[in-house]
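Subject: Structure handover

Hello,

Here is the structure I said I would pass on. My notes on it follow below.

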Amino acid sequence: MSLQMITVSNNIALIQPGFSLMNFDGQLFFFGQKGWPKRSCPTGVFHFDVKHNQLKLKPTVFSKDSCYLPPLRYPATCMFKGSVEPEKYQYIIHGGKTPNNELSNKIYVMSIVCKTNKKVTFRCTEKDLVGDVPEARYGHSIDVVYSRGKSVGVLFGGRAYIPSAQRTTEKWNSVADCLPHVFLLDFEFGCSTAYILPELQDGLSFHVSIARNDTIYILGGHSLANNVRPANLYRIRVDLPLGSPAVNCTVLPGGISVSSAILTQTNKDEFVIVGGYQLENQKRMVCNIVS
């Protein structure tokens, strides 16, 4: 495995911590930065165009029936294959920080409605939730699992501002770990259900999550309350029978101490974890292959 440096030829100031990447059919798209040139790109979503080790950020457009997508930093994102058109992929975006440092609790669904050689058009819609609605947060994860021909989103972790009753002028932007609840999200009906699993004792943020069929693996992360990066590895399995879902968690050996790492899938059965932090001031200068 090798890493190759590329040169950014335009809008390099936009590439700052907190942005997100979306992969549609092998094409990468970037969003999540405030201060982008709105005249040239009103949506704030750019196409990552790499040729001859040169990276150009090309603007994209939204369809007329799209909602507004704020430039969210540190949201949770995942790819989702719908049941109506299974050949088409969508991206689910939840939470994140707005340009005003407010936290979002909204869910957005991104899909491509038109693609030509020169222009990509997205449709962005907002999804409402009922039930146990997750509080606004950032630094969390969202994944989709598939069981018995059905699918459901799984949301976990993250940080949120301390309750308003506890906020003072000096601590107005203080954050705390979200409770270690696991939320199942039904994207079709907009229902959300929270589960309390005894194996998950502490809140985690900026962890790595890997989804495979009906299972999600939670790796590493940072516990703000204890200021540690525990070398945990959790397996969360979701069963979707005709009745109520069944969710169970198992603690596995072989975890690593890491937060804020980059995860990418290289093929059907292989993932790569790059970088991150071992300690507050110590970067993790290694890669891991997960099979």
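In which loop does Cys178 lie? Cys178 belongs to the loop that runs between strand S15 (175–177) and S16. Please keep in mind that this is a predicted model.

Cys178 is buried, with a relative accessible area of 2%, where the cut-off for buried is under 20%. Leaving out residues up to four places away in sequence, Cys178 touches Glu135, Arg137, Gly157, Gly158, Arg159, Ala160 and Gly203. Gln54 is 124 residues apart from Cys178 along the chain, and 40 Å separates the C-alpha atoms of the two.

The loop of Cys178 leads to S16, which is taken next. Strand S16 covers residues 182–186, and four of its five residues are buried, so the strand is largely enclosed by the rest of the structure. One partner of S16 is strand S13 (residues 150–156), in an antiparallel pairing over four bridges. Within that pairing, Val154 has Leu184 of S16 as its bridge partner. S16 also runs antiparallel to strand S17 (residues 191–195), to which five bridges join it. Here Phe183 stands opposite Ala194 in S17. S16 and S17 make a hairpin with four residues between them. Gly190, in the turn of that hairpin, has a positive phi of about 70°.

Two other residues have a positive phi although neither is a glycine. For Phe206 the value is about 55°. Phe206 sits in the loop between S17 and S18, and it counts as buried with a relative accessible area of 16%. For Asn227 the phi is about 50°, and this residue is in the loop between S19 and strand S20 (233–239).

The loops of Phe206 and Asn227 lead on to a sheet. Four strands form an open sheet in the order S18-S19-S20-S21, with antiparallel pairing. S18 and strand S21 (246–251) stand at the edges with a single partner strand each, so one side of each has no neighbour in the sheet. On average, neighbouring strands of this sheet are turned by 20° against each other, direction ignored. S18 and S19 are joined in the antiparallel sense by five bridges. In that pair, Ile210 has Tyr217 in S19 as its bridge partner.

Ile210 and Tyr217 come up again in the second largest pocket, which holds about 260 Å³ of space. Its lining has 15 residues, and the closest to the pocket centre are Ile210, Tyr217, Phe271, Val290 and Ser291. Four elements give two or more residues to this lining: strand S18 (208–212), strand S19 (215–219), strand S23 (270–274) and strand S26 (287–290). S26 gives the most, with three residues. Sorted by class, the lining has 10 nonpolar, three polar and two charged residues.

There is also a sheet of five strands. It is open, has the order S1-S5-S4-S3-S2, and its pairing is mixed. Strand S1 (7–8) and strand S2 (20–24) are its edge strands, and each pairs on one side only. S1 pairs with strand S5 (residues 54–59) in the parallel sense over two bridges. Thr7 stands opposite Gln54 in S5. This is the Gln54 whose C-alpha atom is separated from that of Cys178 by 40 Å.

Two further residues are worth a note. Is Ser111 buried or exposed? At 14% relative accessibility, Ser111 counts as buried. Ser111 has its place in strand S9 (residues 107–115). Not counting residues up to four places away in sequence, it touches Phe24, Tyr89, Gln90, Thr121, Phe122 and Arg123.

Thr98 comes before that strand, in the loop between strand S8 (89–94) and S9. Thr98 likewise counts as buried, at 14% relative accessibility. Which residues are in contact with Thr98, leaving aside its neighbours within four places in sequence? They are Leu72 and Arg73.

That is what I have on this structure.

Regards

Technical notes:
Residues are numbered from 1 along each chain as its sequence is written. This is a predicted model: local features need pLDDT of at least 70, side-chain atom pairs count only at pLDDT 80 or more; totals for chains, interfaces and linings use all residues. Side-chain values use heavy atoms; hydrogens and water are left out. On a 1 Å grid over the protein atoms alone, a cavity is a set of points where a 1.4 Å probe fits but cannot get out, and a pocket is an open set with protein on both sides within 12 Å along at least five of seven lines; lining residues have an atom within 4 Å of a point. Grid points are joined across faces, edges and corners, and a volume is the space filled by probe spheres set on the points. Ala, Val, Leu, Ile, Met, Phe, Trp, Tyr, Cys and Pro count as nonpolar, Asp, Glu, Lys and Arg as charged, and the others, Gly among them, as polar. Two strands pair if DSSP finds at least two bridges between them. Axes are lines fitted to C-alpha atoms, for helices over the stretch in contact, and angles run from 0 to 180 degrees between N-to-C directions. Buried means under 20% relative accessible area, exposed over 50%, partly exposed in between (1.4 Å probe, protein chains only). Contact means heavy atoms within 4.5 Å.
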